[in-house]
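This report takes the annotated sites of the protein one by one. It covers their place in the fold, their burial and their contacts.

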Amino acid sequence: MQSMLWDGQSLSLLNQTKLPAVVEYLKCTDYERIGEAIKKLEVRGAPAIGAAAAFAFVLGARQSAKSDRLLFLKDIESVDGYLRSTRPTAVNLFWALDQMMNVIKEQSDRIELPNLLNLLEQKALFIAAEDKRVNHTMAEFGAALFKEPVSILTHCNAGALATVEWGTALGVIRQAFSEGNIKRVFADETRPLLQGARLTAFELQQDHIPVTLITDNMAGWVMKNKMVDAVIVGADRIAANGDTANKIGTYSVALLSHMHQIPFYVAAPASTFDFSMATGEQIPIEERGEFEVTHFQGIQSAPDGIAVFNPAFDVTPNQYITGIITEYGVLKPNYQEEIKQLKDKMEENR
Ligand SMILES: CSC[C@@H](O)[C@@H](O)C(=O)COP(=O)(O)O
């Protein structure tokens, strides 16, 4: 399953707001439309947002192309600023845009504009290809944690739809399943937007991986009844001490896992780490509109005028995380030290 397809002129995004009822690709031919798709969650999931923003940047650079270099650079800055404003929590968005801006900074006064535009397209293609590659590597490291068939609980959607292809948490599950080590996956429905029910259940069913859908408030009972051996979730931003922001509800799942002594794993590529943030306290948490809470699939489910709090993410403190599965291996506590080593390895690989 591909969340996005680039044809050289446009980016087609699998519209995730319509799944699973309608499988429809949105053909985006300008950067503003991709930005809108990110805002509206037509494309969502941290790595997918990053890759989509990279392609949006390519289109934005083409739309800004003009013979005056300074005017071009001014326009590019506004493209970059707009894309950065689309969603605040997933750091992969900012990571991908930093990569694109670095191409501009390093090359814009050295080469002609057509060549610069080509380089930007190459960079976006590389970001997308790397996302697929690291997901597979991560999946192998993650699957090696399971030596016998297990039942896994997951929250939100960290699958092919949340990435360019294959997935982070669901990538590990796919790999473990192919090795005969998945008995069943419990998918939390993930209120308020149902990424678990609409996307994770859909993806796993398509792959014939045994999946059982539960509402978020059933996770504790399922654990108490010994139906879950491990939890694997994705991440939107991981601080330098391992504190992890992920879809709202992840924190509660982590606490439940801790209470029931069930291992709780996070699967995320190195691009999800934000080394500039010492702890999760600094991670910006997106707050979304009240309509998502007061209405269920367009039908009003709360009184008029009710006060609503709708944080889209929460932060799980590092002490509740058994391991962080990355393309560099599985990090274990002490996360502070392991994440410092990860940063050094990433710098060596640059
Ligand atoms: C590999 S994706 C991990 C996370 O991005 C995912 O679990 C999540 O929280 C996505 O939130 P969303 O608001 O749907 O973009």
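Ala-46 touches Ala-90, Asn-92, Ala-162, Gly-234, Ala-235, Asp-236 and Thr-272, leaving out residues up to four places away in sequence. The model is predicted. Ala-46 sits in helix α2, which covers residues 46–64. In an unreviewed entry, UniProt lists Ala-46 under "binding site", together with Arg-44, Gly-45, Arg-87, Gln-195, Asn-246 and Lys-247.

One of the contacts of Ala-46 is Asp-236, the position where UniProt (unreviewed entry) places the feature "active site". Asp-236 lies in the loop between β7 (230–233) and β8 (237–239). Besides Ala-46, Asp-236 touches Thr-89, Ala-90, Ala-245, Asn-246 and Phe-313, again not counting residues up to four places away in sequence. Among these, Asn-246 is also listed by UniProt for "binding site".

Arg-87, another residue of the "binding site" list, is found in the loop between α3 (69–84) and α4 (91–107). Its contacts, apart from neighbours within four places in sequence, are Ile-38, Lys-39, Ile-49, Leu-93 and Glu-286.

The burial of the three residues is set out below.

| Residue | Other C-beta atoms within 10 Å | State |
|---|---|---|
| Asp-236 | 32 within 10 Å | buried |
| Ala-46 | 27 within 10 Å | buried |
| Arg-87 | 22 within 10 Å | buried |

Why does Arg-87 count as buried? Arg-87 has 22 other C-beta atoms within 10 Å, and the class begins at 20, so Arg-87 is buried.

How values were computed:
Residues are numbered from 1 along each chain as its sequence is written. This is a predicted model: local features need pLDDT of at least 70, side-chain atom pairs count only at pLDDT 80 or more; totals for chains, interfaces and linings use all residues. UniProt positions are given in the numbering used here, feature names are shortened, and annotations may be inferred rather than shown by experiment. Helices (H or I, at least four residues) and strands (E, at least two) are DSSP runs, numbered from the N terminus. A residue is buried if 20 or more other C-beta atoms lie within 10 Å of its own, exposed if 12 or fewer, and partly exposed in between; C-beta atoms are placed from the backbone. Two residues are in contact if their C-beta atoms, placed from the backbone, lie within 7 Å.
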